[in-house]
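Work through the two exercises below with the sequence and the coordinates at hand, and try each task before reading its solution.

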Amino acid sequence: MKKVVLMGNPNVGKSVFFSRLTGANVITSNYPGTTVDFSKGRLCRGKDGHEIIDAPGTYSLEPSNRAEEVALELLEGADLVINVADATNLERNLYLTLQILERKIPVILALNMWDEAGHVGISINRERLEAELGIPVVATIALSGEGFHELMQRIGDAHPSETIRPMNEEERWIRIGEIVKNVQQITHRHHTLRDWLSEASIRPLTGFPIAIGVMLAAFWCVSIIGESLIDYVFDPLFALYTPVAMSLSAWLGPGFLHDLLIGTLIDGQIDYVQSMGLFTTGIYVPFAMVLPYIVAFYTVLAVFEDSGYLPRLATLTDTIFHRFGMHGFGIIPVFLSLGCNVTGILATRNLETKKQRFIAAALLAISVPCMAKNAMVFGILGPYGAGYVMLVFATLFLVFVLSGLILNRLIKGDSPEICLEIPPYRRPDPGTVLKKTLMRIRWFLQEAIPFLFLGVLIINVLYTVGFVEWLGGVFAPVIQGWFGLPAEATTALLVGFLRKDLAVGMLLPLAMSPMQLVIATTLLTIYFPCVGTFSIMFRELGARDMIKATAFMAAMALLVGGTMRLLLLGL
Amino acid sequence: MIQPVSHLETGQSAVICRLEGGFHFRKKMWAMGIHEKKIIRLVAKHPFHGPVVIEVDGREITLGRRMAGHIIVGDPE
């Protein structure tokens with residue numbers, strides 16, 4: 001089987017390219033570094049026996065972060081390279097092209113975003129470029145699919161270049177200068193509204209007010225979409241389901257199976273939050289409490305990503321993130337983590353040093369609540385008023401800042417400065433946004449729902465055999481003495497390791513005061529990541545750093561819980 | 001006047017004269033299209049020694065202040 005590798009600079013549209021070639025669905029965004037791992041697929045369009053790999057974006061063949069290392073490894077095993085270049089930025093893209101050509105691998109060059117080059121007044125003479133480089137060059141527009149027919153026809157012509165020989169840095173740039181002079185013409189264009197907006201949103205004086213406005217609008221959208229979905233879609237659906245579940249409950253009669261599947265009836269009725277059965281709470285929590293917010297969040301996130309706003313936000317937050325031992329790019333994992341910590345931790349691969357990646361991953365796991373956690377906070381404290389909800393988020397924000405400051409001092413290593421390309425603003429395409437949201441929701445359903453189900457199952461079994469109670473007894477002194485919570489809350493906090501969102505149902509029947517609930521929910525979000533996050537941290541950080549992060553988490557939970565107890569409950 | 005790009009006024013353009021700093025840094029800048037004789041414009045400068053945003057070839061790039069200090073520019077001819 002022939003290995004075809006897609007190589008190119010960050011943010012040139014390789015992932016869209018990949019999904020065009022393979023028919024596969026991959027996440028794409030308008031900022032550099034969306035692909036941190038590679039995806040594999042089979043070339044469709046009548047070319048059998050070609051495996052195609054989408055490599056992370058890289059500027060050169062001397063890697064400066066993990067994602068770029070992955071790209072280099074992939075190149076070394078390639079039989080053929082499709083080099084995707086941004087036609088609006090030929091000069092810079094050619095650097096990588098020359099480096100690949102010097103390795104004598106068969107290459108075909110795709111000048112992507114051909115339409116945009118036209119818009120900004122760039123014209124490139126393709127025949128001339130082919131002659132200069134000695135390889136086939138095609139013009140493509142990955143978003144619309146233009147040029148792909150030609151690409152497929154000419155893929156067989158790809159061969160090692162005869163005209164490009166190995167050279168050093170200096171010679172390479174001189175060569176690029178000559179090539180660009182020969183093939184490219186630029187007609188000057190005037191500043192547009194887009195340029196003006198771009199600059200206003202990245203300058204400090206105008207950028208910060210814009211950022212605050214954008215954030216508020218985003219959160220408002222998420223809550224409006226989420227609440228509407230619950231009120232008008234999911235709750236009515238569950239109202240239809242209740243009679244079915246009730247008749248199942250009657251048919252089962254009391255006993256082990258009833259406890260497992262339906263759970264405890266509250267006042268003779270199913271309470272979807274508190275019953276804890278596999279077919280009651282086990283499906284209500286993921287579908288009616290978490291899923292609506294997941295849909296809402298990922299829709300808004302997709303709009304954000306495709307517009308190109310995130311790198312501007314990274315620039316604005318750079319100064320403050322340096323205090324936490326990272327640079328501004330750290331905001332992107334934080335943002336993704338608000339949906340799911342697993343994707344957030346994967347995105348830390350774009351940070352250059354081990355120190356940065358460790359701090360980012362640890363901070364995410366401790367203090368950035370994912371949608372499931374958010375739904376939990378709203379579910380528990382929402383009925384008591386927005387003030388209590390705000391108290392949790394304010395605490396988490398403080399924990400983020402405090403942990404960042406501490407970890408920056410504690411962890412040895414470098415924190416290099418930011419170096420981030422700012423993509424032009426693009427209007428998000430509704431079709432792409434929809435597709436991306438659906439993909440992420442499908443991912444959530446596939447990855448998270450089985451875990452959630454398994455969580456309910458394991459907990460119900462452990463409960464029945466008395467293990468949870470025993471463990472609860474062991475930890476009770478800490479929970480009661482240090483955090484000021486009832487002994488029964490211990491179980492809920494332990495269950496939180498498997499699924500935080502389930503702990504909701506276990507905390508509610510304990511008749512705690514709102515302030516106690518604030519402490520319990522804050523602790524639930526801080527002290528331990530869910531199983532999924534735990535395993536991804538293990539993979540990304542290794543066992544040693546994982547243990548370090550866990551120890552820090554435990555210390556933070558004790559500190560924060562104790563402090564909150566003193567402040568909110570008194571002695 | 002010869003000065004680091006970070007000393008320009010916001011909105012001001014200049015020509016890159018040379019890149020200082022280590023081999024890796026210069027290589028990275030070259031790979032991003034930032035090198036001698038290019039026209040560079042300072043788009044934004046963030047306070048408290050924060051990053052600067054520069055524009056080269058119609059592309060904006062955010063750079064840390066120290067990195068920007070290594071890009072030495074002069075008046076355009």
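Two exercises follow, on a chain contact and on a helix pair. The model is predicted, so local features need pLDDT of at least 70 and side-chain atom pairs count only at pLDDT 80 or more, while totals for chains, interfaces and linings use all residues. Residues are numbered from 1 along each chain as its sequence is written, and chains are lettered from A and ligands numbered from 1 in the order in which they are written.

**Exercise 1.** Determine how many residues each chain brings to the contact, and which element of chain A gives the most.

Solution. Counting residues as in contact if their C-beta atoms, placed from the backbone, lie within 7 Å, one finds 27 residues from chain A and 25 residues from chain B. With strands taken as DSSP E runs of at least two residues and helices as H or I runs of at least four, numbered from the N terminus, S9(A) gives the most to the side of chain A that touches chain B, namely four residues. S9(A) also pairs with S5(B), residues 59–63, in the antiparallel sense over four bridges, where pairing requires at least two DSSP bridges. Within this pairing, A:Glu421 stands opposite B:Ile61.

**Exercise 2.** Classify the orientation of H3(A) and H7(A) from the angle between their axes.

Solution. The axes, lines fitted to C-alpha atoms over the stretch in contact, with angles from 0 to 180 degrees between N-to-C directions, come within 10 Å and cross at roughly 130°. Angles under 35 degrees count as roughly parallel, over 145 as roughly antiparallel, 65 to 115 as roughly perpendicular and the rest as oblique; H3(A) and H7(A) are therefore oblique to each other.

Methods:
Contact = placed C-beta atoms within 7 Å.
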